[in-house]
Amino acid sequence: AKRQGRNHYQWYNDALNILMQRRVLLRNELQDAIDHHQLELYYQPLFDRQGKVVSVEALLRWPHPHKGLISPAEFIPLAEETGQIIAISEWVLEQACRDALRLNRQGDCRVAVNLSPLQFYRSNFLHTLEATLARTGLPGTALELELTEGILMNDTQFAIELLRQIRRLGIRVAIDDFGTGFSSLSYLKHLPVDKVKIDRSFIQDLAEGSHDAAITRGIMVMAHQLALEVVAEGVETRHQFELLNGYGCDYYQGFLLARPMTLPALSSFLSENRQR
Ligand code: C2E
Ligand code: CA
Ligand code: CA
Ligand code: CA
């Protein structure tokens, strides 16, 4: 038994070593990608009730030399732990602003950027924002920031004050993945934000009379009473779209309408969308 215990311990140790080696490898590869400017931004359009594109969300992609396109869901958590998220986030903000400037030569289209907690709570975030806008020449009104409930709950007083200053620059703010946090809905009235994005998990199994439908409608009614706009994310079927439309949803994002795409692809998508 003793020998077997030792074997288990040995096995456990080996497995742990392999996991740690993989992490180190991934971290080093990510650093390479950052240093060699290999990260890319894709853009997914958001549509209003008339089917017109009002904004696009910047979504990070890592084209890995052997593994193909790696989703941010896989490397953002790692980058948060290693602190690499800071360099990544600064690049994302700058690139998104530059791309937004180009897009806006074709017609109005706001660009939304996802924020990481580390980025938001860094002491100079407001300054970074102002400096990036000044450097790129993008008006704040063309930029939108997406923050999760988790970020806002971390230090609500600080977050409220910072959001006020951010919105003074003309930048809009959306709460991302809304409904997945455990916070009470009533805190929403204290937050200086413009819109809420109902999390995909509620949209996924949306059906008449379902719990998800009740939650979705509840969020919608409450948000509208607070004069906030509502976005549904992850809209994949016509049926979901029609239900949401019936509930009075303002904006729609999902594979049914458009997938994330490269900037050139987006550019032609937008000119076609405008002609309709
Ligand atoms: P998110 O902010 O909730 O972004 C929406 C995610 O849902 C994106 O995944 C998008 O591709 C996906 N999606 C959109 N429509 C549909 C649909 O109809 N069906 C399904 N199944 N999925 C849909 P993606 O691009 O893999 O990004 C994952 C997460 O990574 C994002 O979730 C966001 O939290 C984070 N992320 C992405 N880009 C950045 C970034 O530049 N900075 C930071 N800090 N986080 C980012
Ligand atoms: Ca988002
Ligand atoms: Ca989201
Ligand atoms: Ca989500």
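# Briefing: ligand 1, cysteines and a buried leucine

Three elements, β2 (53-64), α2 (72-82) and β6 (172-178), each give at least two residues to the shell around ligand 1. The model is predicted. The space that ligand 1 takes up is the largest pocket. The count of disulfides is zero.

**The shell around ligand 1**

- The residues around ligand 1 number 22.
- Among these 22, the nearest are R61, N114, D176, E236 and F255.
- Which element gives the most to the shell around ligand 1? Strand or helix, the answer is β2, with four residues.
- Both α2 (72-82) and β6 (172-178) also supply at least two residues each.

**Polar atoms facing ligand 1**

- The side chain of Q44 has an N or O atom 3.1 Å from a nitrogen atom of ligand 1.
- The side chain of E57 has an N or O atom 3.2 Å from an oxygen atom of ligand 1.
- F255 uses its backbone instead: an N or O atom there lies 2.8 Å from an oxygen atom of ligand 1.
- On its own, ligand 1 has 810 Å² of accessible area, and the protein covers 84% of that.

**Cysteines without partners**

- A disulfide is a covalent bond between the sulfur atoms of two cysteines.
- To count here, two cysteine sulfur atoms must lie within 2.5 Å.
- Why does C109 form no bond with C97? The sulfur of C97 is the closest cysteine sulfur to that of C109, but it is 13 Å away, so the two are too far apart for a bond.
- C249 is in no disulfide either. Its nearest cysteine sulfur belongs to C109, at a distance of 18 Å.
- Is C109 buried or exposed? C109 is buried, because its relative accessibility is 2%, and the cut-off for buried is under 20%.
- C249 is also buried, with a relative accessible area of 0%.

**L143 in strand β5**

- Where does L143 sit? L143 belongs to strand β5, which covers residues 143-148.
- L143 counts as buried, because its relative accessibility is 0%.
- L143 and N28 are 115 residues apart along the chain. In space, 32 Å separates their C-alpha atoms.

Conventions:
Residues are numbered from 1 along each chain as its sequence is written. Chains are lettered from A and ligands numbered from 1 in the order in which they are written. This is a predicted model: local features need pLDDT of at least 70, side-chain atom pairs count only at pLDDT 80 or more; totals for chains, interfaces and linings use all residues. Side-chain values use heavy atoms; hydrogens and water are left out. Buried means under 20% relative accessible area, exposed over 50%, partly exposed in between (1.4 Å probe, protein chains only). A residue is near a molecule or strand if one of its heavy atoms lies within 4 Å of it. A polar contact is a pair of N or O atoms within 3.5 Å; within protein, one must be able to donate a hydrogen and the other to accept it, and residues adjacent in sequence count only if both atoms are side-chain atoms. Accessible areas come from the Shrake-Rupley method with a 1.4 Å probe; for residues, only the protein chains shown count as cover. On a 1 Å grid over the protein atoms alone, a cavity is a set of points where a 1.4 Å probe fits but cannot get out, and a pocket is an open set with protein on both sides within 12 Å along at least five of seven lines; lining residues have an atom within 4 Å of a point. A molecule sits in a cavity or pocket if more than half of its atoms lie within 2 Å of its grid points.
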